[in-house]
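Here are my notes for anyone opening this one for the first time. Have the viewer ready and follow the points in order.

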Amino acid sequence: MTRLLVTGGAGFIGSNFTRHVVAHTDWHVTVLDKLTYAGNLASLAGLPEGRVEFVRGDVGDAELVDGLFARVDAVAHFAAESHNDNSLHDPRPFLDTNLAGTYTLLEAARKHDRRFHHVSTDEVYGDLELDDPARFTESTPYNPSSPYSATKAGSDMLVRAWARSFGVRATISNCSNNYGPFQHVEKFIPRQVTNIIRGIRPRLYGAGQNVRDWIHADDHSSAVLAVLDRGRIGETYLVGADGEKSNKEVVELVLRLMGQPAGAYDHVADRAGHDLRYAIDSAKLRAELGWQPRYRDFEAGLADTIDWYRANEHWWAPAKDATEAFYAGKGQ
Ligand code: NAD
Ligand code: TDX
């Protein structure tokens, strides 16, 4: 049996990964999560107590982290401040958690010689032109745009340095935009879906031409497990499911699936420094580890996700008003 520490396990993807590990392995999971505004224990409800233990705490708390690393075999590091718009408003928590927090974990991984997997984003590579045939690969130069992506890029660099200089047994995965149940209502798809449920029109930043490469969170989880289990130490793997769509296309699809008129959305102020396009080439992950996405039909995955938000208003309603008040203050 492997004892795994999952940081950020009460967040969107960390909770999905925790459920995935419980379903697909016999490992024991300890979740370490600070329960910031983005963390929600309800996202872990129903998991067997004997398999999953929850510890509330900060990844930057060196003493707590040291004690937890002493009793696990491996670590999957999901904890982060994750929202670009928040990073433009108040970057400080991004530096604290994404940079200093990752540093604290790496020092513990080094001291205890623990296997360490770092979960990162395609945003570290900056953006692509709309008509560029190229996609991001593991050798694309880093070029982050926002305080969020700059701190994620910095955290990747720390992991690489600790692997090379101190021999930490680390891997990194950089994934594209995730969708699925349990995603915070601040993010694009849940915001529009819950707006429509509440009778508010969806909000598109700028002209809505920006392209994101969508992947279901279940597929991100299976990729992280594959890398943790079989990835080559010291390597980076890009994770994506060939899901490029413009924001305008996504809003129009959400409206159609929810029985609304095609043009029933508003254009609002654009995001500062808004990345134009992300696109992932995940050939390395597929060829080396035999990974394949299970969700190949975005419309079907989106329809399931919409059903989940309709059925789970108790999960998202407590965060909705504060989120919309934040956006209203920015004209978005
Ligand atoms: P999220 O905001 O939903 O969850 C983050 C979790 O981390 C929350 O539970 C929060 O309470 C916890 N956390 C924050 N600061 C902490 C701290 N200092 N100590 C302990 N816990 C803390 O984020 P998410 O969308 O699930 O993203 C998870 C990871 O995946 C992040 O590292 C993110 O960069 C990466 N990622 C996300 C996406 C995406 O589309 N959402 C895509 C690629 C990579
Ligand atoms: O109301 C909105 N209207 C809108 O047009 C919101 C909230 C967003 N947008 C646009 C901005 C982006 O082009 O939609 C796109 C997606 O926005 P987000 O959901 O904020 O995601 P993004 O900024 O692309 O970053 C996400 O993917 C990469 C995650 O939040 C990151 O954690 C991950 O690293």
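1. Start with ligand 2, which has 22 residues around it in this predicted model. The ones that come nearest are Glu123, Tyr148, Arg212, Arg271 and His274.

2. Next, look at the polar contacts of ligand 2. One of its oxygen atoms sits 2.7 Å from an N or O atom in the side chain of Glu123, and an oxygen of ligand 2 is likewise 2.7 Å from a side-chain N or O atom of Arg212. Tyr205 takes part through its backbone: a polar atom there is 2.8 Å from an oxygen atom of ligand 2.

3. How much of the accessible area of ligand 2 does the protein cover? On its own the ligand has 660 Å², and the protein covers 94% of that. Two elements, α6 (188-198) and β8 (203-205), give two or more residues each to the shell around ligand 2. By class, that shell holds six nonpolar, nine polar and seven charged residues.

4. Now move to ligand 1. There are 28 residues around ligand 1, and Ile13, Asp33, Ser82, Tyr148 and Lys152 come nearest. You have met Tyr148 already, as it is also among the residues that come nearest to ligand 2.

5. What does Tyr148 do at ligand 1, in terms of polar atoms? One of its polar side-chain atoms lies 2.6 Å from an oxygen atom of ligand 1. For Asp33, an N or O atom in the side chain is 2.6 Å from an oxygen of ligand 1, while Thr36 offers a polar backbone atom at 3.0 Å from a ligand oxygen. As for cover, ligand 1 has 850 Å² of accessible area on its own, and the protein covers 97% of it.

6. Which elements build the shell around ligand 1? At least two residues each come from α1 (12-24), β5 (115-121) and α5 (147-166). The largest share, three residues, is from β5. Sorted by class, the shell has 12 nonpolar, 12 polar and four charged residues.

7. Last, leave the ligands and find helices α10 (residues 298-311) and α11 (residues 313-329). Their axes come within 6 Å and cross at roughly 75°, so α10 and α11 count as roughly perpendicular to each other. On the α10 side, Trp308, Tyr309, Arg310 and Ala311 meet Glu313, His314, Trp315 and Trp316 of α11. The residues of this contact divide into five nonpolar, one polar and two charged.

Conventions. Residues are numbered from 1 along each chain as its sequence is written. Chains are lettered from A and ligands numbered from 1 in the order in which they are written. This is a predicted model: local features need pLDDT of at least 70, side-chain atom pairs count only at pLDDT 80 or more; totals for chains, interfaces and linings use all residues. Side-chain values use heavy atoms; hydrogens and water are left out. A residue is near a molecule or strand if one of its heavy atoms lies within 4 Å of it. A polar contact is a pair of N or O atoms within 3.5 Å; within protein, one must be able to donate a hydrogen and the other to accept it, and residues adjacent in sequence count only if both atoms are side-chain atoms. Accessible areas come from the Shrake-Rupley method with a 1.4 Å probe; for residues, only the protein chains shown count as cover. Helices (H or I, at least four residues) and strands (E, at least two) are DSSP runs, numbered from the N terminus. Ala, Val, Leu, Ile, Met, Phe, Trp, Tyr, Cys and Pro count as nonpolar, Asp, Glu, Lys and Arg as charged, and the others, Gly among them, as polar. Axes are lines fitted to C-alpha atoms, for helices over the stretch in contact, and angles run from 0 to 180 degrees between N-to-C directions. Angles under 35 degrees count as roughly parallel, over 145 as roughly antiparallel, 65 to 115 as roughly perpendicular and the rest as oblique. Contact means heavy atoms within 4.5 Å.
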